[in-house]
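User: I have a model open and would like to go through the reasoning behind some of its labels. Could you take me through it?

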Amino acid sequence: RSRPARCKAAGWDREQFLSCAARGPGGCQEEGSSVLRWSVPGGAMAAAEGEEAEERLINEEYKIWKKNTPFLYDQVMTKALEWPSLTAQWLPDVSRPEGQDFEVHRVILGTHTSDAEQNHLAIAEVTLPTADAEVDARKYDDEKRELGGFGGSNGRVEVKIRINHDGEVNRARYMPQNPFIVATKSPSADVLVFDVSKHPSVPDENAPCSPQVRCTGHTKEGYGLAWSPLEPWRLLSGSDDHQICYWDLATSTLAGGGGKKTGAEVVAATAIRRGHQSVVEDVQWHRHEANIFGSVGDDQQLIIWDLRESADTVSSSVPDAHSKDVNCLSFSKHDPFLLATGASDGLVRLWDMRNLQKPLHDLAGHAQEVFQVDWAPFNETILASCGADRRVHIWDISRIGEEQSPEDAEDGPPELLFIHGGHTSKVSDFSWNENDDWTVCSVSEDNILQVWQMAENIYDDEADPGPQDEDEVE
């Protein structure tokens, strides 16, 4: 790839990024802007005193990113939420109003309010242009905080449904076989399951939290949560109590297994697995084998489990999968033997389930902890990760080992396809849109939700890179 395509990856080290931003798509011309001449020596961040200095540096990074969005993205939307969301997941449904050139997508969010404010499980509508819509991808609208100029509408991201929730929503995930069924993790030990269709879109703020099911078995809160993609009503959870709980809700009244129930039905864990020595950070089902799942935790372990085995029998494990807490894992949607893990050591690691003695490859690029990792639904070699360094990385493992010039190598390994640098705080979660390839939503701790799609010529070497006028880069 040419350097201009690599330069479109926003969010490198400050000196690298400023160097890239000054070049633009046309070459390596110097730019006279005072903003682009701003630079920070290698040790300046460490030497900066107090939060104000760090905040100034973050703001400068954001300004540079914003000025160069026309060359980085085909579309960017930023929504300032009322409260931060720790979770984000696109719903699978999409609608296209008749006679319009846009589609309406939906995304699951949650709130993390102050102690006195009611928390909510939320669903927002996101308006995206159709493939044949005419958009202006050359201008970032400061007032709307959007790139693309599509539609001229202010309501592109709007929360439509709010359901009262006990405490903050640590994580929320819908059941693939019925997207109206949403499970959540909260500050309590219970996992809550809601049928969204049975709740009003605007709740009585004084009404209690009323899930259809309370899943019991844990003794502490946590974040790990996953529905089986292959079997309906199978739910996994990992928590701070070092345990993994599994529920088969197929016989619950919610699944039609009994008569009407007044209040929340309480369902005890079908099975509990104990193999971790510390917090279980994440759990995920295998995407090809219905009884296989994985877990990772603060004991640095990666464990593979089989529901058919007796209690607490580990199918296989990696005692030191990373050098620090392992925060997330994701099984490939395409390759039944491939999985990825992310950890507080800043690495995303690739593993082959047939030989877990050592990782296949380390994806190195994050400067701090990795919080989430997920494979793209549309391409077997693409995965993404987000973390405490305010970045979302897009990786293409088919590029591992490609030759690089010394100049390109300074920007990162060849498999690091793109870095989304639009957030100014830790990125808690992200989600691939299964109905719109390369479209991602991501949420950060400073209340920001962003919906974005990188420029096509970054991932498609044959795509038109667009105007090459150096003066268009500020």
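**Labels and the values behind them**

Analyst: Happily. Let's start with Phe-418, which counts as buried at 0% relative accessibility. Keep in mind that this is a predicted model.

User: Why is Phe-418 called buried?

Analyst: The label applies under 20% relative accessible area. Phe-418 has 0% relative accessibility, so it counts as buried.

User: What makes Tyr-73 buried?

Analyst: The test is again a value under 20%. Tyr-73 comes out at 1% relative accessibility, so it is buried.

User: Why is the pair of Tyr-73 and Phe-418 called edge-to-face?

Analyst: Two values matter here. Ring centres must lie within 6.5 Å to pair, and planes over 60 degrees apart count as edge-to-face. For Tyr-73 and Phe-418 the centres are 5.3 Å apart and the planes stand at 85°, so the pair is edge-to-face. This pair links distant parts of the chain: Tyr-73 is in strand S1 (residues 73–80) and Phe-418 in strand S28 (residues 416–420), 345 residues apart.

User: And what makes Tyr-73 and Trp-452 an edge-to-face pair?

Analyst: The limits are 6.5 Å for the centres and over 60 degrees for the planes. Here the centres are 6.2 Å apart with the planes at 85°, so the edge-to-face label applies. Tyr-73 belongs to strand S1 and Trp-452 to strand S31 (residues 448–454), so the pair ties together parts that are 379 residues apart in sequence. Tyr-73 and Trp-452 are both buried.

User: Which residues make up the cluster that ring pairs link together?

Analyst: Tyr-62, Trp-65, Tyr-73, Phe-418 and Trp-452 are joined into a cluster by ring pairs. The structure as a whole holds twelve aromatic pairs.

User: How do you know that the charged end of Arg-354 sits over the ring of Phe-337?

Analyst: The distance part of the test asks for CZ of Arg within 6 Å of the ring centre. The charged end of Arg-354 is 4.1 Å from the centre of the Phe-337 ring, so the distance condition is met.

User: Let's turn to the sheets. What makes S17 and S20 edge strands?

Analyst: Four strands form an open antiparallel sheet in the order S17-S18-S19-S20. Strand S17 (280–285) and strand S20 (316–318) each have a single partner strand, so one side of each is left without a neighbour in the sheet. From one strand to the next, the twist averages 15°.

User: How do you know that S19 pairs with S20, and with S18?

Analyst: The criterion is at least two bridges between the strands. Strand S19 (residues 302–306) and S20 have three bridges, so they pair, in the antiparallel sense. Within S20, Ser-316 is the bridge partner of Ile-304. Strand S18 (residues 292–297) is joined to S19 by five bridges, so that pair qualifies too, again antiparallel. Here Ile-292 has Asp-306 of S19 as its bridge partner. The hairpin of S18 and S19 has four residues between the strands, and Gln-300 there takes a positive phi near 70°.

User: Why is S19 described as mostly covered?

Analyst: The count settles that: five of its five residues are buried. Leu-302, Ile-304 and Asp-306 point one way and Ile-303 and Trp-305 the other way, and all are buried.

User: What makes S12 and S16 the edges of their sheet?

Analyst: That open sheet has the order S12-S13-S14-S16, with antiparallel pairing. Strand S12 (224–227) and strand S16 (271–274) have a single partner strand each, so one side of each is left without a neighbour in the sheet. S12 and strand S13 (residues 234–238) share four bridges, so they meet the criterion of at least two. Opposite Leu-225 stands Ser-237 in S13.

User: One last residue: why is Ser-344 called buried?

Analyst: Ser-344 is found in the loop between strand S22 (338–343) and strand S23 (347–352). Its relative accessible area is 18%, and the limit is under 20%, so Ser-344 counts as buried. Leaving aside residues up to four places away in sequence, Ser-344 touches Lys-324, Asp-325, Asn-327 and Glu-369.

Notes: Residues are numbered from 1 along each chain as its sequence is written. This is a predicted model: local features need pLDDT of at least 70, side-chain atom pairs count only at pLDDT 80 or more; totals for chains, interfaces and linings use all residues. Side-chain values use heavy atoms; hydrogens and water are left out. Rings of Phe, Tyr and Trp (its six-membered ring) pair if their centres lie within 6.5 Å; planes under 30 degrees apart count as stacked, over 60 as edge-to-face and the rest as tilted. Buried means under 20% relative accessible area, exposed over 50%, partly exposed in between (1.4 Å probe, protein chains only). A charge sits over a ring if NZ of Lys or CZ of Arg is within 6 Å of the ring centre and within 35 degrees of the ring normal. Axes are lines fitted to C-alpha atoms, for helices over the stretch in contact, and angles run from 0 to 180 degrees between N-to-C directions. Contact means heavy atoms within 4.5 Å.
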